Amino acid sequence: MNPALGVAVPAASPRAQPRADAGRVILRQLGRSDYAAVLARMREFTATRDGATEDELWLTEHAPVYTLGLAARVGHVRESGAIPVLKSDRGGQVTYHGPGQVIAYMLIDLARRGLTVRAMVRLTEHALIATLAQHGIAGQRRDGMPGVFVGAAKIAALGFKVRSGRSYHGASLNVDVDLAPYAGIDACGYPGLASTSMAALGCGAGADVVGAHFAQQLMGALAARDNA
């Protein structure tokens, strides 16, 4: 577990040199989905894939749910109310998912692409920042705090699991999500950490449009790196 990166990874994760045939990334639009069901699908996909399996990017939205990463403390959920609290095998702390977020699950063969875990985290953060910039919002990353911020407030969270050199889980970006549930948790394990959304910052784009822009940014960054 590397809490500074929000990643759960074995101590001896396999490494490989990048291959010229790292392949494309298949984009799948899942629509509104159940968190536990998608988690099971990601685990199955990762467990059964092989060296020829193409990478995939899944875009979805979830019904309201709090999820606990491997480093999370139950005490960081201060008032869950009617929102379910589920354990997850991703890295990181506690976060909230709900309608109006872009949830991006990245099932990427890091070893095949020659990507370190740190490089994948940075690439994802930069894709999120570039997506925000397309909508006139200046996002920033912070050292030691995975995700993307606008000023003092967090707008996107990251958390990965890496198994046999292959990632799953990914990122969530607040588009027009209800921010009230964040008051019930210490988001990402930080008491008092503010959360914001693109809508709260004056952006009228919906999650479908923002999700498409993020997919373009991420897939473009991966392709550019493969061709470098």
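**Notebook: a three-strand sheet and its surroundings**

I began with the sheet, where 3 strands lie in the order 5-4-6, open, with mixed pairing. I noted strand 5 (85–87) and strand 6 (94–97) as the edges, since each pairs on one side only. I looked up the twist too: neighbouring strands are turned by 30° against each other on average, direction ignored. I am working from a predicted model.

Next I checked how strand 4 meets strand 6. The two run antiparallel and are joined by 4 bridges. I found valine 65 opposite histidine 97 of strand 6.

Then I asked what packs on this sheet. I found helix 1 (residues 35–48) there, touching strand 4, strand 5 and strand 6. The direction of helix 1 makes about 10° with that of strand 5.

I moved on to threonine 67, which sits in strand 4 (residues 65–68). Is threonine 67 buried or exposed? I log threonine 67 as buried because its relative accessible area is 0%, and the limit for buried is under 20%. Leaving aside residues up to four places away in sequence, I listed the contacts of threonine 67 as Tyr35, Leu86, Arg90, Gln93, Val94, Thr95 and His97.

Last, I turned to helix 3 (residues 117–134), which has 18 residues. From first C-alpha to last, helix 3 reaches 26 Å, close to the 26 Å expected at 1.5 Å a residue. I wrote down the buried residues of helix 3, among them Val117, Met120, Val121, Glu125, Leu128 and Leu132. After helix 3 comes glycine 136, and I read its phi as positive, near 75°.

Note on methods: Residues numbered from 1 in each chain as written. Predicted model: local features only at pLDDT ≥ 70, side-chain atom pairs only at ≥ 80, totals over all residues. Heavy atoms only, no water. Buried < 20%, exposed > 50% of the residue type's maximum accessible area, 1.4 Å probe, protein only. Contact = heavy atoms within 4.5 Å. Pairing = 2+ DSSP bridges. Axes fitted to C-alpha atoms, helices over the stretch in contact; angles between N-to-C directions. Expected span 1.5 Å × (residues − 1).
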